[in-house]
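This report covers selected helix and strand features of one model. Consult the sequence and coordinates below as you read.

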Amino acid sequence: MSKIKILWVDDEIDLLKPHILFLEKKGYHLTTCNSGTEAIDIIEEENFDIVFLDENMPGLTGLETLSEIKNRRESVPVVMITKSEEEYIMEEAIGSKIADYLIKPVNPNQILLSLKKTLDNSRLVSQKTTSSYQQEFRKIAMDMSMVNSYEEWAELYQKLIYWEMELEDIEDHSMFEILESQKAEANNQFCKFIDKNYPDWFDGHDAPTLSYNLFKDKVVPHLSKDQPTLFVVVDNLRYDQWKAFEPHLSAYYKKIEEDPYFSILPTATQYARNSIFSGLMPSEMKLRHPDLWLDDTDEGGKNMHEADFLEAQLKRLQLDLKWEYHKITNLKNGKKLADNFKAQKENDLTVVVYNFVDMLSHAKTEMEVIKELASNDKAYRSLTESWFKNSPLLEMIQQAQQMGFKLIITTDHGTINVKHPSKVIGDKNTSLNLRYKTGRSLTYEDKEVLAAKDPRTIHLPSINMSSSFIFAKGDLFFAYPNNYNHYVSYYRNTYQHGGVSLEEMIIPFAVLQPR
């Protein structure tokens, strides 16, 4: 490996001979000079990995030299060294994007630390992260074998997400592959847990917050006539995507509560989101609101009546609130609401359903360019973060903070990158979703699905007397035998929802107060 090349600029460079010898013994290659003018000439002729620059020199000052160096070699890191602790010099230097700032006198170890921090940071962080995950790997594996409650599954999933985001930029890709296999095994165990416990969650047993009681149990306690609330439901938002864009809220809001909750099955918009707004399970929605509910095989939009469902729930809960509901399905609608958001200040509750992430997952299936941009979970997170930073939603949140709104952010379900096909056969009335099917006489691989032969046991409506539901496990997706290869190649590595996985079922709920 070639030596790291350092340029050290100081009008008293001879006094720094001990420092220079110390660094040369450590394997660094040093070039020295004692004026800004000389430094600029050297920089034009030669590339350096880093520059140490004295601030107080005769002729060109350090700040003037810094500006000239950056004009010629914008990417080279510069460490400013100065006797002065004057604030304006620090601010000027930091504004000029220096890599570090040291106050004289400096000792050799300070210089070495600055070098490692500036040049070796990513490598050292990578090594430390890899080492930490290797230790944590064994603990996660042990925890996974003993997890036996929904709280423990939520905690384990958050731990896996933490390490996934920590490892995403490290150089050792083998660690990431180990994590991926650990996630796959976690999903395998999670599916067994859901298969065994999910029906009992509706019978008074120890159960998590689910879609149908989210509003009553988690949102209502925060509603008040003393402070307006902005309740945002971002469709299709996974926990890792929430974690990716959460930091962009910190300038405006401080988090007072974060508690994952569980989507009902199917983890699909028409079931889970309608359940949030109605406060009912799907079979009860169909029974109480036959004019609003549509089955899978019915014609028409399945989420056209969320405001009606919410109105009925608010009446049932005897909540006398001034509220409005807005669904954003495109940029034009989002900009319009952001531009007129001040009109919401008289409401006790403003509900915004934002559909971008769902559109993104569908676009990945349909459009080659999105397949490239969101080729894996890391890229999918990054794309979601980029959208949020530049979205009308963030504009609304900024305005809500200025107007004193409490902020609640959640979703209806997550999504998973599907990798492997699972063959299924059904009649022409079988539903079309890739992660769940409902219909009569379904033929499938038993070990690859969670089956509800009697939908009533999990509070789902039957299209007819002999209808059943099946849900794909892990990263499987359903494919019909006819035109099988084309179907599989088209849908493999796309983001789908409706089935059973950590990514689809364990989803974010956060309450934030304005700063």
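## Helix pair α9 and α11

The crossing of α9 and α11 is right-handed (the near helix is turned clockwise from the far one by less than a right angle; anticlockwise would be left-handed). Helix α9 spans residues 211–219 and helix α11 residues 269–278; they pack at about 30°, with axes 6 Å apart. So α9 is roughly parallel to α11 (angles under 35 degrees count as roughly parallel, over 145 as roughly antiparallel, 65 to 115 as roughly perpendicular, the rest as oblique). Axes are lines fitted to C-alpha atoms, for helices over the stretch in contact, and angles run from 0 to 180 degrees between N-to-C directions.

On the α9 side, the contact uses Ser-211, Tyr-212, Leu-214 and Phe-215; on the α11 side, Ala-272, Ser-275 and Ile-276. Contact means heavy atoms within 4.5 Å. Helices (H or I, at least four residues) and strands (E, at least two) are DSSP runs, numbered from the N terminus.

## Basis of the values

This is a predicted model: local features need pLDDT of at least 70, side-chain atom pairs count only at pLDDT 80 or more, and totals for chains, interfaces and linings use all residues. Residues are numbered from 1 along each chain as its sequence is written, and side-chain values use heavy atoms, without hydrogens or water.

## Strand β11

Strand β11 covers residues 406–410, and 5 of its 5 residues are buried (under 20% relative accessible area; exposed is over 50%, partly exposed in between; 1.4 Å probe, protein chains only). In a regular strand, side chains alternate between the two faces of the sheet. In β11, Lys-406, Ile-408 and Thr-410 point one way, and Leu-407 and Ile-409 the other.

Strand β6 (residues 229–234) runs parallel to β11, joined by 5 bridges. Phe-231 stands opposite Ile-408 there. Strand β21 (residues 509–514) runs antiparallel to β11, with 4 bridges. Leu-407 has Leu-512 of β21 as its bridge partner. Two strands pair if DSSP finds at least two bridges between them.

## Two open sheets

One open sheet has 3 strands in the order β14-β17-β16, with antiparallel pairing. Strands β14 (436–439) and β16 (449–452) each have a single partner, so one side of each is left without a neighbour in the sheet. The twist averages 15° from one strand to the next. Strand β17 (residues 468–472) pairs with β14 over 4 bridges. Ile-470 of β17 is the bridge partner of Lys-437.

Another open sheet has 3 strands in the order β15-β13-β18, and its pairing is mixed. Its edges are β15 (443–444) and β18 (476–479), each pairing on one side only. Strand β13 (residues 420–425) pairs with β15 in the antiparallel sense over 2 bridges. In that pairing, Ile-425 stands opposite Thr-443. Helix α19 (residues 484–491) lies across β13 and β18, at about 145° to β18.

## Asn-417

Where does Asn-417 lie? It lies in strand β12, residues 416–418. Asn-417 is buried, with a relative accessible area of 7%.

The side chains of Asn-417 and Asn-493 share a polar contact of 2.8 Å (a pair of N or O atoms within 3.5 Å; within protein, one must be able to donate a hydrogen and the other to accept it, and residues adjacent in sequence count only if both atoms are side-chain atoms). A polar atom of the Asn-417 side chain also lies 3.5 Å from the backbone nitrogen of Thr-494. Leaving aside neighbours within four places in sequence, residues in contact with Asn-417 include Arg-238, Ser-375, Asp-475 and Tyr-495.
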